[in-house]
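The following exercises concern backbone geometry, exposure and contacts with DNA. Please study the sequence and the model before reading each solution.

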Amino acid sequence: MPAKKSPAKKAPKSMPYEQGAWAHVFAPRAPGERRYWLIKSEPDVFSFEDLERAPKQTTCWDSVRNSSARNFMRDGMKKADLAFYYHSNAEPSGIVGICEIVREGYPDYTAWDPSHDYFDEKSDPDMPTWYMVDVKAVKPFKTMVALPEIKGDPALAEMALVKVGRLSVVPVTPAEWEYLCALGGVA
DNA sequence: GCCAACGTTGGC
DNA sequence: GCCAACGTTGGC
């Protein structure tokens, strides 16, 4: 018997993400390595078409108020990474296009604007709570890939999108990326 | 409109 | 530090 067997260690409620399940998406990169993401937006609020019509086809991805999503944007995403553009709360919901990270994490100033819907009085400009990135439309999917199709596909069963439903920013593996681009007709 | 999942808050 | 209450996301 081991001299001192500590009782089964419970996973801390909030593990630092550098050691958590997503450690690999924050890990140092090989030279030139590109990583992949998925970002959600309700099309009634801001659709992929809206992004294509925006000046320079670019927008700041503001108003995210979830710490996991924030961490992905602040510390995970790097310039030239690509992201699927996902329409949530839509009929049907699904992936409709591809965009590129064109500016890395910087403070989400909407958190400091009392007139803004997502004003957060606890976000201090000297120590910002919330971060965002800038994304630019790259191209639409030829055929959207709807959520039921994703959920029904064994090759995609491990997607963070499926596993952690409610997160608005999630990582995508290179294999999932290739596979979904093929499904979307943009391989 | 309902509800599952889960993060956050606050009482103790 | 625990945990119940509450809020949010987003599928269905």
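**Exercise 1.** Determine whether Lys-56 is buried or exposed.

Solution. Step one: buried means under 20% relative accessible area, exposed over 50%, and partly exposed in between, with a 1.4 Å probe and protein chains only. Step two: Lys-56 has 68% relative accessibility, so it counts as exposed. Step three: Lys-56 lies in the loop between α3 (48–53) and β2 (58–60); helices (H or I, at least four residues) and strands (E, at least two) are DSSP runs, numbered from the N terminus. Its phi is positive, about 60°, although Lys-56 is not a glycine.

The structure is a predicted model, in which local features need pLDDT of at least 70, side-chain atom pairs count only at pLDDT 80 or more, and totals for chains, interfaces and linings use all residues. Residues are numbered from 1 along each chain as its sequence is written, chains are lettered from A and ligands numbered from 1 in the order in which they are written, and side-chain values use heavy atoms, leaving out hydrogens and water.

**Exercise 2.** Describe the loop between β3 and β4, starting from Asn-89.

Solution. Step one: Asn-89 is found in this loop, and its phi is near 50°, a positive value in a residue other than glycine. Step two: Asn-89 counts as exposed because its relative accessibility is 63%. Step three: the loop between β3 (82–87) and β4 (94–107) also holds Pro-92, which a cis peptide bond with omega about 0° joins to Glu-91.

**Exercise 3.** State which residues surround DNA strand B.

Solution. The strand is surrounded by Ser-67, Lys-122 and Arg-166 (near means a heavy atom within 4 Å).
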